[in-house]
Amino acid sequence: MHLSMSINTDISLKRDFIKAHLEKPLVMIGLMGAGKTSIGKMLAEELGCDFIDSDDEIVKREGRTIPEIFEQSGEPHFRKVEREVIGDLMKDTKPHVIGTGGGAFMNAQTREAIKQSATSLFLKAHINVLLNRVGKGEGRPLLMAGNPREILQGLMNKRYPIYSEADITVDTRNEAPQKTLNRAIEALYTHLNPS
Ligand code: S3P
C-alpha cells in the first residue's frame, strides 16, 4: 500500500514537471498496434493538452477512409497527403500530443520536420504484442496484403532502426496501458531533466 502510494506520488511529480517543461509537441511513433493513439491520448489527458491523430486529419482532408484512399488512389498518394498533413501539424508549436501513422516517420522530409519541431517518442513493441492488437489487420491496408505476422516482421526489420532515431524509446508490452503510460512519463521526465 505504502509502496504503491509513493510510486503514484513519484509519477505525479514527474507528470507535473513535464507539464511545466514540455515546450514542443510530442509525436508518437511506432508500428501499427503499438498503442500510439491509446497511449498518446492518455498522455495528453495527463498533461492537460490536446491530442491529434494525423491519420484522422488525413481522413478529414480527403473525405474518405484510409482503406479507400489506398484502394482508389494508391499508397504514394496516401504518403503525399501524410507528408503534407504532418508538415502542417508541425507548424503548431504549442505542447500537445500527436499520434502518427506507422509509416510517417519513415519519410525523410516528415522525419526532419518532426526532429526540428517536436519531441518524438517511439513505442517499441515485440511482434506478438503488435499481432495481438491488430488482429486480422482490418482497416489497415498494408496488413490486408498477406500474412500479418510476416508483413509486420518485415516492417519491423525495416523500420525499427529508423524509429530508433526518435528522442525517446519506450517499451510497450502485453500489460495494462497505465503501466506503459507510467513508463512513458518516466522516460519523458528523464529526457527533459537529464541530470
Ligand atoms: C500505416 C499505418 C496506419 C496508417 C496506414 C499506413 C503504416 O496507421 O497510417 O494504414 O504504414 O504503418 P497506424 O500505425 O495508426 O495503424
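**Ligand site**

I started at the ligand and noted that one of its oxygen atoms is 2.7 Å from an N or O atom in the side chain of lysine 36. The model I am reading is a predicted one, and I keep that in mind for every entry below. For aspartate 55 I found an N or O atom of the side chain at 2.9 Å from an oxygen atom of the ligand, and for arginine 159 a polar side-chain atom at 2.7 Å from a ligand oxygen. I then looked up how much of the ligand is covered, and the protein takes up 94% of the 390 Å² of accessible area that the ligand has on its own. Around the ligand I count 13 residues, of which Lys36, Asp55, Arg79, Arg140 and Arg159 come nearest.

**Core**

Next I turned to the nonpolar residues, where the largest core has 52 residues. Those with the most contacts inside this core are Met28, Leu31, Leu43, Leu121, Leu130, Leu152 and Tyr160. I followed methionine 28 further and, leaving out residues up to four places away in sequence, found that it touches Lys36, Ile39, Gly40, Leu43, Val97, Ile98, Gly99, Thr100, Leu121 and Leu123. Lysine 36 therefore appears twice in my notes, as a contact of methionine 28 and as one of the residues that come nearest to the ligand.

**Aromatic rings**

How many aromatic pairs does the structure hold? I found five. One that I examined joins phenylalanine 17 and tyrosine 189, edge-to-face, with 5.1 Å from centre to centre and 75 degrees between the planes. Phenylalanine 17 lies in helix 1 (residues 2-21) and tyrosine 189 in helix 9 (residues 177-192), so this pair ties together parts that are 172 residues apart in sequence. I also checked exposure: phenylalanine 17 is partly exposed at a relative accessible area of 21%, and tyrosine 189 is partly exposed at 22%; because buried means under 20%, I did not enter either ring as buried. Elsewhere, ring pairs link Phe122, Tyr160 and Tyr163 into a cluster, and Tyr160 is also among the core residues with the most contacts.

**Arginine 61**

Last, I looked up arginine 61, which I place in helix 3 (residues 54-62) and which counts as partly exposed at 45% relative accessibility. Setting aside neighbours within four places in sequence, I found arginine 61 in contact with Val81, Glu84, Val85 and Asp88. For one of these partners, valine 85, I noted a C-alpha to C-alpha distance of 8.5 Å from arginine 61, across 24 residues of sequence.

Conventions: Residues are numbered from 1 along each chain as its sequence is written. This is a predicted model: local features need pLDDT of at least 70, side-chain atom pairs count only at pLDDT 80 or more; totals for chains, interfaces and linings use all residues. Side-chain values use heavy atoms; hydrogens and water are left out. A nonpolar core is a set of buried Ala, Val, Leu, Ile, Met, Phe, Trp, Tyr and Cys residues joined through side-chain atoms within 4.5 Å. Buried means under 20% relative accessible area, exposed over 50%, partly exposed in between (1.4 Å probe, protein chains only). Contact means heavy atoms within 4.5 Å. Rings of Phe, Tyr and Trp (its six-membered ring) pair if their centres lie within 6.5 Å; planes under 30 degrees apart count as stacked, over 60 as edge-to-face and the rest as tilted. Helices (H or I, at least four residues) and strands (E, at least two) are DSSP runs, numbered from the N terminus. A residue is near a molecule or strand if one of its heavy atoms lies within 4 Å of it. A polar contact is a pair of N or O atoms within 3.5 Å; within protein, one must be able to donate a hydrogen and the other to accept it, and residues adjacent in sequence count only if both atoms are side-chain atoms. Accessible areas come from the Shrake-Rupley method with a 1.4 Å probe; for residues, only the protein chains shown count as cover.
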